[in-house]
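Reader: Please show me the structure, and then let us go through it in questions and answers.

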Amino acid sequence: MHELLQPPKQQASEELLADNFADYFRSKVATIRASTASAALPDIRPRLVPPLTSFELVTEEEISKLLFNLPAKSCSLDPVQTWFLKQLTVPMVPVICRLCNLSLQTSLFPSSLKHALVHPRIKKPTLDPGVVSNYRPISNLSFISKLAERVVARRLTSHVVEFNLLPTRQSAYRPYHSTETAVLSVHNDLVYAIDNKRVSLLVLLDLSAAFDTVDNDILLSILANRFSIQGLALDWFRSYLANRTQTFTLAGKQTASYPLDCSVLQGSVLGPLGFISYTEEDIVDVIERHSVLPHIYADDTQLLASAKPENSSRLRQ
């Protein structure tokens, strides 16, 4: 009876193959990037911030805590199941610590950790599972890869928080900035406008394939100029982004391995941080230049403009 009451699980149609997904997603990204290829490169203004030139080395205690707190999710790329690795914490912590520190000291992210298995995930359970455009690509990475990313993410986040490098009106992938703060901020702006007898126009924008079309060269330039990531730290990010590959997988079938020339991976640890860094300056500056209040949540942007009723026609201009 319990099973009968459960809603049906949405699974990909058997008519769709891994190659269908690979062709669709890769073509979509290529089309979007081609449509913006003629655009001028962004003028990335340097910001005077004390530089982060190298990453603090990780300790065995930090690795031990990470192993304890991270969920026991595994990827088929892992040589052993994560739950088993977590049981071997005592002998494995020094080894993992040594590997992470070698990566930080040499500014090299191992090539063996740069491959991703891409699994299509349906966007909403009510969508037709037989339509390829109803899916988003989620990258599955090895456990050690994500653990190394988390080590760097903690150091990058500490640098960003210390020098307040992200916009106030950005509510994703950072401490104390959640969906709740985004809703409260927009709600407060609307109520404030109403209290002042003003009418408001709220526009909601959603970028298509936002994570998948991030230009790596521009991202590196933003990290260098806007976040003052320099030296060995910047070299580490350059190595992390370079020469990545991906394989699309569905129902036990896999495609060939494809090079990944752009994007920050959905399913990675550093991907979300990379994306909000990528959009840190451009979007907010453009919006505020037109006297519009922005609020950003990942790749969703809210634009809010208010005016006296007699001037409301200007809101549509």
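**Surface, core and hairpin**

Author: A nonpolar surface patch of about 360 Å² is formed by Val80, Trp83, Phe84 and Leu88. Such patches take residues with over 30% relative accessible area and no salt bridge (a side-chain nitrogen of Lys or Arg within 4 Å of a carboxyl oxygen of Asp or Glu), joining nonpolar side chains (Val, Leu, Ile, Met, Phe, Trp, Tyr) within 5 Å and like charges within 9 Å. Areas come from the Shrake-Rupley method with a 1.4 Å probe, and for residues only the protein chains shown count as cover. This is a predicted model: local features need pLDDT of at least 70, side-chain atom pairs count only at pLDDT 80 or more, and totals for chains, interfaces and linings use all residues. Residues are numbered from 1 along each chain as its sequence is written, and side-chain values use heavy atoms, leaving out hydrogens and water.

Reader: Does Phe84 count as buried, partly exposed or exposed?

Author: Phe84 lies in helix α4, residues 82-87; helices (H or I, at least four residues) and strands (E, at least two) are DSSP runs, numbered from the N terminus. Buried means under 20% relative accessible area and exposed over 50%, with partly exposed in between. Phe84 has 37% relative accessibility, so it counts as partly exposed.

Reader: Which element gives the most to the largest nonpolar core?

Author: A nonpolar core is a set of buried Ala, Val, Leu, Ile, Met, Phe, Trp, Tyr and Cys residues joined through side-chain atoms within 4.5 Å. The largest one has 51 residues. With 8 residues, the element that gives the most to this core is α6.

Technical notes
Buried < 20%, exposed > 50% of the residue type's maximum accessible area, 1.4 Å probe, protein only.
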